[in-house]
Amino acid sequence: MNNTNDEILLQELAEQEYKYGFTTDIEMDIAKKGLSEDMVRFISAKKNEPEWLLEWRLKALRYFHQMELPTWQNFRHPNIDFQDISYYAAPRKKPQVNNLDEVDPELLSTFAKLGIPLDEQKILAGVVAVDAVFDSVSVKTTFREKLKEVGVIFCSFGEAVQEHPDLVKKYLGSVVPQTDNVYAALNAAVFSDGSFVYIPKGVNCPMELSTYFRINAENTGQFERTLIIADDGAYVSYLEGCTAPMRDENQLHAAVVELVALENAEIKYSTVQNWYPGDKNGVGGIFNFVTKRGICKGNNSKISWTQVETGSAITWKYPSVILKGDHSVGEFYSVALTRNYQMADTGTKMIHLGKNTRSRIISKGISAGFSHNSYRGQVKISPGADHARNFTQCDSLLIGDRCGAHTFPYIETRNNSALLEHEATTSKIGEDQIFYLNQRGINSEKAVGLIINGYAKEVLNQLPMEFAVEAQKLLAISLEGSVG
Amino acid sequence: MITQLTTSLYNQLVMAAPDCLQPGQEPKTFTDIRSQSFRKFKQLGFPTMKLEDWKYINLQGLVNQSYSLEDSLPGRPVAHERAHIPGLASYHLVMVNGAFRPDLSDSIEDSGITVMPMAEALDELLFAKHFAAYADKTDNPFVALNTALFQNGLFISFDKGSVAAKAIHIIHVVAGSESLFSQTRNLIVMGPNSSADIVETFITEQGAGKSLNNLVSEVVLEESARMQHYILQTASSQSSYLTHTEIHQSKYSLYNNYNCTFPGASFVRNNINVRLAEADVEGHLYGITLTADDQLVDNHTIVDHLKPHCESYEWYKNIVQDASTAVFNGKIFVREDAQKTNAFQQNNNMLIGDKSTVYSKPQLEIFADDVKCSHGCTIGQFNEQSLFYLRARGIGEEQARILLVHAFAFDVTSRFSNEAVKNYVERLVEEGL
């Protein structure tokens, strides 16, 4: 870390309250609260969807009504009144934009505060293309033209349904079916928008694709649906960043992400999640209940998940990989930081089906205050997965004597040529390490930040450059006030 | 599924329960505990695979048949020499179908050690203090069932400072050609500063019928007590076992559990829970599981750190052959007050059979920050290079494999403090391959 970085850190440490707690006053088009078939029809009609998609949604809704809320998770399931949520919110003036000047200036300033100034990025000549999701409707997709040249489709889900219905129909729900779990069913029924990416055969996506999610309107759940398809020999790196303004009422976020990697394809999916975690007493905050799953469908394909989770009152997700193709590779790198009364129950699933498949899991949990942080993971080797290989490491760091760190790994092997390793450690930050840094004139808070960053390095290294810096800052900000 | 259950063991037990739970025959407090437990069992029923703790075990085949609930020939002569451990100086205590048989057992001359059948212990002070005080706090339906309806078992108590000069060898024999559901309940109370080696061996008499055995043991270690507890499962395939061992430790005490399962018994489920209930306690669990054919062996352990400055060490090795299945579920809890805890857990698996399966769930739940906890789990098979190395030096393949398995098990066998038991276990491992 160089000097300027340190200064930025210091500055940000001084800010006590949740950094991204502001709201944007834009007229919203909010549907009345409640979940019903009519609501699903309303959303579908609003989005001008074809008949088959409406049927698909209705089927999901019926599943949702039949399902019961799970009880196995390691936190108390909050009482969510599904009838008290508005399932559709869109900025009233759907901006028809060709250049950034036409975008509502207030919206732009929101993004500026978030640290993704669209203008600047446009000037910076296409390092990152951002499909900014403002509540439910994708407002602005940058660099689409440029991507179009190489044949990459990167658009909002709604547009994809209109323009590429065949692709959507073929892959929607193929990785996460409507019946997968109760929140996946809910999402399938009421999802409002999301991102769609298709990388054609042999194309190496020329830039990092990125989407910022934000929850803005009160009492609107956000139900995103992301579908990424990498055709034979394609490569894409996708970034998802999340911040949400401060709200006192709990808000539900139940997204679904589906990744499909065909032969020799590679998908890298990175997330930095910093939604409002609730205040010091655990009031408010986002419920982040997300289903993320990828399938390595073709031989020699690869899917890699990287996540930095610092926000949300409850984080509950298991980005998984189904290793179906022979020689396919799945990776999962995670840092989850919880403080105050936050809860995180996160981990991954690696389902080995193909021969010579490999997976690697690195999970780093940090819990402070009264928070609880759980790693829950599954490594499953099916009888046909000859010579499968897995390495799992999940470490936990505890700060304070009233927090908890928990590990629930499931290791299931039904093939005698599999080689698996799993290791986990739990400890607190070494007093000798802090003492060493204190001696050298670094105060305790900064010392902890330094140690945490070193501890999480293995995961942060996996993030693309811009995100790595942001994630590093985020970890330090999140920990302020937890030490000493 | 439910309708099938009601026509089988469950139904039998419900029919038999009123006789057992009739007031008057036993002290009232005791009958109350039994009735309460039976209500609990009825409420829970036999576990299904939907329950997390029973996820990998299908009990339906076992409980969906009728058993005889009582031994028809209680005094039958039984040979138990097969269970004897060469070179081990020991007192033999023989249990046939759950019932203690003084006529086949040695009497213990060491002062301060009391052995009696459970039925005679109901008036003992220690019984009232400790019975059903630990195991019944769990939600294992088989413990509730055992508490409600057991008729047999052993009560062993060690007075303050008493030391067993020889190992106490409890031999559990299943005998008789009828299919039997037997329940055994043991209570072992180690007084302050007492010390003992306890070996439990499970065997099946030749020609014995199918049996399902539900054993619950509560072990209490008072201040500075020391106990080495060896469990050797060597029964044959017609026998199935559900065991629950609950250990409660007080200050400065030491408990070592060595849990060894060998090819034979078609179904074994062991629950071993150690509660480190006071400060400065050591409790260690070691296990070797060698399975063959279509055996299913499931070891569920809990190490529960309740107070500071305790240490636990757990190491389970599974060697899985043929179409057998091994399950390991190890939980370590470190409660809020249990600062300065050292807890270590490791599970290593060697998958040898083409159709063998391993399910492992090493689990940590930690609520205190000043602790050192780790767990590890590996799954692998014979190292081809090691095999080649040995064969290049003129060692036959079979011998080489035995050598490698020995080496694999060595981490655990080397912890055995009793030399005779250690040699015996190493021999059984060799024979089981």
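Q: How many residues does each chain give to the contact?
A: Chain B gives 32 residues and chain A gives 31 residues; two residues are in contact if their C-beta atoms, placed from the backbone, lie within 7 Å. This is a predicted model, in which local features need pLDDT of at least 70, side-chain atom pairs count only at pLDDT 80 or more, and totals for chains, interfaces and linings use all residues. Residues are numbered from 1 along each chain as its sequence is written, while chains are lettered from A and ligands numbered from 1 in the order in which they are written.

Q: Which elements give two or more residues to the side of chain B that touches chain A?
A: They are β18 (357–366) and β19 (372–380) of chain B. Helices (H or I, at least four residues) and strands (E, at least two) are DSSP runs, numbered from the N terminus. β18(B) gives the most, with ten residues.

Q: And what is that side made of, by class?
A: It has 13 nonpolar, eleven polar and eight charged residues. Ala, Val, Leu, Ile, Met, Phe, Trp, Tyr, Cys and Pro count as nonpolar, Asp, Glu, Lys and Arg as charged, and the others, Gly among them, as polar.

Q: Which strand of chain A is joined to β19(B)?
A: Strand β24 (residues 419–428) of chain A is joined to β19(B) by seven bridges, and the two run antiparallel. Within this pairing (at least two bridges found by DSSP between two strands), H422(A) stands opposite C377(B).

Q: Changing topic: why is β11(B) described as largely enclosed?
A: Six of the eight residues of β11(B) (residues 254–261) are buried, so the rest of the structure largely encloses this strand. A residue is buried if 20 or more other C-beta atoms lie within 10 Å of its own, exposed if 12 or fewer, and partly exposed in between, with C-beta atoms placed from the backbone.

Q: What does β11(B) pair with?
A: β11(B) pairs in the parallel sense with β9(B) (residues 226–233) over eight bridges, and with β13(B) (residues 282–291), also parallel, over eight bridges. L232(B) stands opposite C260(B), and Y258(B) has Y286(B) as its bridge partner.

Q: At what angle do α7(B) and α8(B) pack?
A: Helices α7(B) (residues 384–392) and α8(B) (residues 397–413) pack at about 130°, with their axes 9 Å apart. Axes are lines fitted to C-alpha atoms, for helices over the stretch in contact, and angles run from 0 to 180 degrees between N-to-C directions.

Q: Which residues make that contact?
A: Among them are L387(B) and L390(B) of α7(B), and L403(B) and L404(B) of α8(B).
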